[in-house]
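The report below is a reading of a single chain, to be followed with the sequence and the coordinates side by side. It proceeds from one residue in the opening segment to the sheet, the cores and the cysteines.

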Amino acid sequence: MRVDHTKFALFDYNSIKCKNPFKLGDVVIKPKDYDGTECNEIGVVIQIHDENELRTDMFGNEDISILKKATKKEIKKFRKDLLVTK
């Protein structure tokens with residue numbers, strides 16, 4: 001799922017165009033933290049730093065290796081406000 005990322009950013013972040021698998025506005029989930037503990041944080045991509053790192057509205061800068069695109073089921077369970085269209 002992709003949303004309007006500008007609605008979730010506090011600033012006009014500069015992003016670079018690169019081969020990052022995620023795009024601005026993608027809704028991503030961090031199922032586990034680096035230590036393996038479950039966290040299931042859902043964030044909207046608001047900035048792309050490079051091929052391996054991005055910024056989300058909820059958990060800041062993150063390496064893409066621990067992120068994946070969130071499913072609608074995950075969004076509904078952990079951050080259902082994103083499913084409301086305005």
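Is F8 buried, partly exposed or exposed?

## F8 and the opening segment

The model discussed here is predicted. In it, F8 has a relative accessible area of 25% and is therefore partly exposed, since the buried class is reserved for values under 20% and the exposed class for values over 50%. The residue is placed in the segment before β1.

Once neighbours within four places in sequence are left aside, the contacts of F8 are V3, V44, I46, D57, R79 and L82. Of these partners, V3, V44, I46 and L82 are also listed among the nine residues of the largest nonpolar core. A further reference point is K77, which is 69 residues from F8 along the chain, with 19 Å between the two C-alpha atoms.

## The sheet

The sheet is open and is built from five strands in the order β4-β3-β2-β1-β5, with antiparallel pairing. Its edges are formed by β4, covering 60–63, and by β5, covering 68–69, each of which pairs on one side only.

Strand β1, residues 27–32, runs antiparallel to β5 and is joined to that strand by two bridges. Here V28 has K69 as its bridge partner in β5, while I29 stands opposite K68. Towards β2, the pairing of β1 is likewise antiparallel and extends over five bridges, and within this pair K30 is found opposite E41. The two strands β1 and β2 make up a hairpin with five residues between them, and in the turn G36 has a positive phi of about 95 degrees.

## Two nonpolar cores

Which residues make up the largest nonpolar core? There are nine of them, namely V3, V27, I29, I42, V44, I46, A70, I75 and L82. The elements that provide two or more of these residues are β1 and β2, and β2 gives the most, with three. In soluble globular proteins, nonpolar side chains tend to be buried together.

One member of this core, I75, is in contact with M1, V27, I42, A70, K80, L82 and L83, when neighbours within four places in sequence are not considered. A second core, separate from the one just described, has eight residues, among them F22, V28, V45 and I48.

## A polar side chain in β2

Q47 belongs to strand β2, which spans residues 38–48. Because its relative accessible area is 8%, Q47 is classed as buried, the limit for that class being under 20%.

The side chain of Q47 takes part in two polar interactions that can be described individually. It reaches the backbone oxygen of N14 at 2.7 Å, and the Q47 side chain also makes a polar contact with the side chain of R55, at 2.7 Å. Not counting residues up to four places away in sequence, Q47 touches Y13, N14, S15, L24, L54 and R55, so that both of these polar partners recur in a list of contacts defined by heavy atoms within 4.5 Å.

## Cysteines

How many disulfides does a search of the whole structure find? The result is zero. As for individual cysteines, C18 is partly exposed at a relative accessible area of 25%, and C39 is also counted as partly exposed, with a relative accessibility of 27%.

Technical notes
Residues numbered from 1 in each chain as written. Predicted model: local features only at pLDDT ≥ 70, side-chain atom pairs only at ≥ 80, totals over all residues. Heavy atoms only, no water. Pairing = 2+ DSSP bridges. Helix = DSSP H or I, 4+ residues; strand = E, 2+ residues; numbered from the N terminus. Buried < 20%, exposed > 50% of the residue type's maximum accessible area, 1.4 Å probe, protein only. Polar contact = N/O pair within 3.5 Å; in protein donor to acceptor, adjacent residues only side chain to side chain. Core = buried A, V, L, I, M, F, W, Y, C linked by side-chain atoms within 4.5 Å. Disulfide = S-S within 2.5 Å.
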